[in-house]
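Here is a short report on one protein chain. Take a look at the sequence and the model before reading on.

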Amino acid sequence: MTAFLMTGFFDFVAYGVGLTKAAWLRFLPALFLSIAVSNPPIVALGAGLLEGGKLLLVFAILGAFALALLTGFLQRKQPID
């Protein structure tokens, strides 16, 4: 659910979860985590393009790349059932 909330389908996923019997205690942490992880690079990208903040843009891209590397590393460490 968290991964789907980080995509462009955020509204559809949130609406779909609302139609299910998902508990708030399960939805809210996923919502907050998805917003905390996906929004800063998007905001930094917009600020970098509009205000000429190239250093902020570079850090945002490097941060997103580092998160992708960390995710790949952690998924490779998990045993396959």
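What share of the contacts in the chain with a separation of 6 or more comes from residues 24 or more positions apart? The share is 41%. Keep in mind that this is a predicted model.

## Overall fold

The chain has four helices and zero strands. Along the sequence, the pattern reads α-α-α-α. Helix α1 spans residues 2-5 and helix α2 spans 10-19. Helix α3 covers residues 24-51. Helix α4 covers 54-77.

The chain holds 81 residues, and 15% of them count as buried. About 6,800 Å² is exposed. Carbon and sulfur atoms supply 74% of that area.

## Annotated segments

An unreviewed UniProt entry carries the annotation "transmembrane region" for residues 12-35 and 55-74. In the model, the span 12-35 is 83% helix and 0% strand. Its end C-alpha atoms lie 15 Å apart.

## S34 in helix α3

S34 sits in helix α3. Is S34 buried or exposed? S34 counts as buried, because its relative accessibility is 0%, and the cut-off for buried is under 20%.

The side chain of S34 has a polar partner. One of its polar atoms lies 2.8 Å from the backbone oxygen of L31. S34 is also touched by M6.

## M6 and its partners

M6 is in the loop between α1 and α2. At 33% relative accessibility, M6 counts as partly exposed. That value falls in the band between the buried limit of 20% and the exposed limit of 50%.

Which residues does M6 touch, leaving out those up to four places away in sequence? They are S34, V37 and S38. M6 and S38 are 32 residues apart along the chain. Their C-alpha atoms are separated by 5.7 Å.

## F32 on helix α3

F32 is another residue of helix α3. F32 counts as exposed, because its relative accessibility is 54% and the cut-off for exposed is over 50%. F32 and L5 are 27 residues apart along the chain. The C-alpha atoms of F32 and L5 are separated by 9.7 Å.

## The nonpolar patch

Which residues make the nonpolar surface patch of about 590 Å²? They are M6, L33, V37, L67, L70, F73 and L74. M6 belongs to this patch and also touches V37, another of its members.

Helices α3 and α4 each supply at least two residues of the patch. Which helix gives the largest share? Helix α4 does, with four residues. F73 is in helix α4 and is one of the patch residues. At 44% relative accessibility, F73 counts as partly exposed.

## Summary

The predicted model shows a chain with four helices and zero strands. S34 is buried, F32 is exposed, and both M6 and F73 are partly exposed. The loop residue M6 touches S34, V37 and S38. M6 also shares the nonpolar patch with residues including L33 and F73.

Conventions. Residues numbered from 1 in each chain as written. Predicted model: local features only at pLDDT ≥ 70, side-chain atom pairs only at ≥ 80, totals over all residues. Heavy atoms only, no water. UniProt positions renumbered as here; feature names shortened; annotations may be inferred. Buried < 20%, exposed > 50% of the residue type's maximum accessible area, 1.4 Å probe, protein only. Polar contact = N/O pair within 3.5 Å; in protein donor to acceptor, adjacent residues only side chain to side chain. Patch = residues over 30% accessible without salt bridge, like charges linked within 9 Å, V, L, I, M, F, W, Y side chains within 5 Å. Areas by Shrake-Rupley, 256 points an atom, 1.4 Å probe, with all protein chains shown as cover. Salt bridge = Lys/Arg side-chain N within 4 Å of Asp/Glu carboxyl O. Contact = heavy atoms within 4.5 Å.
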